[in-house]
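Reader: I would like to learn how to read a few features of a model. Please give the general idea where there is one, then the case at hand.

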Amino acid sequence: MNNPTNLEGLSKQEEKLEKSRANVIKIIQTRFKQVPDQVIQAINAIDDASLLEKLFTNSIIVADFEDFQKRLEQVMSKK
């Protein structure tokens with residue numbers, strides 16, 4: 001039987017992941033305007049909070065979209 005406390009914890013964790021994904025996507029859309037759907041799908045596929053945190057920081061400091069894509073590929077290879 002499912003424990004309500006565990007389900008609530010999972011729900012909060014998923015909410016945090018969703019917010020992290022949305023923040024990364026918003027930053028890259030704001031900085032680089034057009035973002036390919038495949039990049040958005042790749043970000044949405046990340047389910048590791050520490051990788052999303054790293055990607056969040058990278059989305060702020062990269063010089064251009066190509067640099068962001070390289071860093072996204074690095075993050076995805078660690079997934």
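Reader: Where does lysine 33 lie?

Author: This is a predicted model. Lysine 33 lies in the loop between helix 1 and helix 2. Its phi is positive, about 65°, although lysine 33 is not a glycine.

Reader: Is lysine 33 buried or exposed?

Author: Lysine 33 is exposed, because its relative accessible area is 60% and the cut-off for exposed is over 50%.

Reader: How do I read a pair of aromatic rings, and how many aromatic pairs does the structure hold?

Author: A pair of aromatic rings is described by the distance of the centres and the angle of the planes. This structure holds two aromatic pairs. In one of them, the ring centres of phenylalanine 32 and phenylalanine 65 are 5.6 Å apart and the planes stand at 65°, so this pair is edge-to-face. The angle qualifies because planes over 60 degrees apart count as edge-to-face.

Reader: Which parts of the chain does that pair link?

Author: The pair links distant parts of the chain: phenylalanine 32 belongs to helix 1 (residues 4-32) and phenylalanine 65 to helix 4 (residues 65-78), with their positions 33 residues apart. Phenylalanine 32 and phenylalanine 65 are both buried. Together with Phe68, Phe32 and Phe65 form one aromatic cluster.

Reader: Which residues have the most contacts inside the largest nonpolar core?

Author: That core has 19 residues, and those with the most contacts inside it are Ile28, Val39, Ile43, Ile46, Leu55, Phe68 and Leu72. Helix 1, helix 2 (37-44), helix 3 and helix 4 each supply at least two residues of the core. Helix 1 gives the most, with five residues. Phe68 thus appears twice in this reading: in the aromatic cluster and among the core residues with the most contacts.

Reader: How do I read one helix by its faces, and which residues of helix 3 are buried?

Author: An α-helix has 3.6 residues a turn, so residues three or four places apart point the same way. In helix 3, the buried residues are Leu51, Leu52, Leu55, Asn58 and Ser59. Seen down the helix axis, these buried residues fall within an arc of 120°, so they line one face of helix 3. As for its length, helix 3 (residues 49-61) has 13 residues and reaches 19 Å from its first C-alpha to its last, close to the 18 Å expected at 1.5 Å a residue.

Reader: How do I read salt bridges, and how many does a search of the whole structure find?

Author: Side chains of opposite charge can pair when their charged atoms come close. The search finds three salt bridges. Glutamate 18 forms one with arginine 21, with the closest N and O atoms 2.6 Å apart. Both lie in helix 1, three residues apart, about one turn of the helix. Glutamate 14 also forms a salt bridge with arginine 21, at 3.2 Å between the closest N and O atoms. In helix 4, aspartate 67 and arginine 71 are four residues apart, about one turn of the helix. Their side chains meet in a salt bridge at 3.3 Å, N to O.

Reader: Which residues are joined into one network by salt bridges that share partners?

Author: Glu14, Glu18 and Arg21 are joined in this way. Arginine 21 is buried, with a relative accessible area of 4%. Glutamate 14 is partly exposed at 37% relative accessibility, and glutamate 18 is partly exposed at 41%.

Reader: Are aspartate 67 and arginine 71 buried or exposed?

Author: Neither word fits: aspartate 67 is partly exposed, with a relative accessible area of 22%, and arginine 71 is partly exposed at 25%.

Conventions: Residues numbered from 1 in each chain as written. Predicted model: local features only at pLDDT ≥ 70, side-chain atom pairs only at ≥ 80, totals over all residues. Heavy atoms only, no water. Expected span 1.5 Å × (residues − 1). Buried < 20%, exposed > 50% of the residue type's maximum accessible area, 1.4 Å probe, protein only. Arc of directions from axis to C-beta. Phe/Tyr/Trp six-rings, centres within 6.5 Å; stacked < 30°, edge-to-face > 60°. Core = buried A, V, L, I, M, F, W, Y, C linked by side-chain atoms within 4.5 Å. Salt bridge = Lys/Arg side-chain N within 4 Å of Asp/Glu carboxyl O.
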